[in-house]
Amino acid sequence: MKALNGIPEVVSLYTTNGVWDYIAELRAESLADLDRALREIRSIDGVASTETSILLGAV
């Protein structure tokens, strides 16, 4: 959690049940920034896997 809070693109963290332990909401200025943040998250010790979904719009 501490490492995730240190990533500027991480704006919210949620605990959950089911397949994932946490959900992190990210906001990035560019795809390059998003890619860098995801690489940083994946390199955190204890992160076994990630799944990314991009929100395209609200309904």
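A residue counts as exposed when its relative accessible area is over 50%, as buried when that area is under 20%, and as partly exposed in between. In this predicted model, leucine 31 has a relative accessible area of 67% and is therefore exposed. Leucine 31 belongs to helix α2, which covers residues 31-42. Together with Ile54 and Leu56, Leu31 makes a nonpolar surface patch of about 410 Å².

The setting for this patch is the chain as a whole. The protein chain has two helices and two strands, and from the N terminus on these elements run α-β-β-α. Along the principal axes, the C-alpha atoms fill a box of roughly 30 × 25 × 15 Å. The chain exposes about 4900 Å², of which carbon and sulfur atoms supply 53%. Of its 59 residues, 15% are buried. Among contacts with a separation of 6 or more, 26% are between residues 24 or more positions apart.

The interior can be approached through the largest nonpolar core, which has six residues: Leu4, Ile7, Val10, Ala37, Ile41 and Ile44. Isoleucine 44, one of these residues, is in contact with Ala3, Leu4 and Ile7 once its neighbours within four places in sequence are left aside.

Glutamate 9 is a charged-type side chain to consider next to this core. Glutamate 9 lies in the loop between α1 (2-5) and β1 (10-15). With a relative accessible area of 7%, glutamate 9 falls under the 20% limit and so is buried. Its side chain is joined to that of arginine 36 by a polar contact of 2.3 Å. Beyond its neighbours within four places in sequence, glutamate 9 is in contact with Glu25, Leu26, Arg27, Ala28, Asp33, Arg36 and Ala37. Of these contacts, Ala37 is also a member of the largest nonpolar core.

Tyrosine 22 offers a further point of reference. This residue lies in strand β2, residues 22-26. Its relative accessibility is 43%, so tyrosine 22 counts as partly exposed. Not counting residues up to four places away in sequence, tyrosine 22 touches Met1, Tyr14, Thr15 and Thr16. Two of these partners, Tyr14 and Thr15, fall in strand β1, which spans residues 10-15. Tyrosine 22 and aspartate 45 are 23 residues apart along the chain, and their C-alpha atoms are separated by 15 Å.

Terms used: Residues are numbered from 1 along each chain as its sequence is written. This is a predicted model: local features need pLDDT of at least 70, side-chain atom pairs count only at pLDDT 80 or more; totals for chains, interfaces and linings use all residues. Side-chain values use heavy atoms; hydrogens and water are left out. Patches are made of residues with over 30% relative accessible area and no salt bridge: like charges are joined within 9 Å, nonpolar side chains (Val, Leu, Ile, Met, Phe, Trp, Tyr) within 5 Å. Accessible areas come from the Shrake-Rupley method with a 1.4 Å probe; for residues, only the protein chains shown count as cover. A salt bridge is a side-chain nitrogen of Lys or Arg within 4 Å of a carboxyl oxygen of Asp or Glu. Helices (H or I, at least four residues) and strands (E, at least two) are DSSP runs, numbered from the N terminus. Buried means under 20% relative accessible area, exposed over 50%, partly exposed in between (1.4 Å probe, protein chains only). A polar contact is a pair of N or O atoms within 3.5 Å; within protein, one must be able to donate a hydrogen and the other to accept it, and residues adjacent in sequence count only if both atoms are side-chain atoms. Contact means heavy atoms within 4.5 Å. A nonpolar core is a set of buried Ala, Val, Leu, Ile, Met, Phe, Trp, Tyr and Cys residues joined through side-chain atoms within 4.5 Å.
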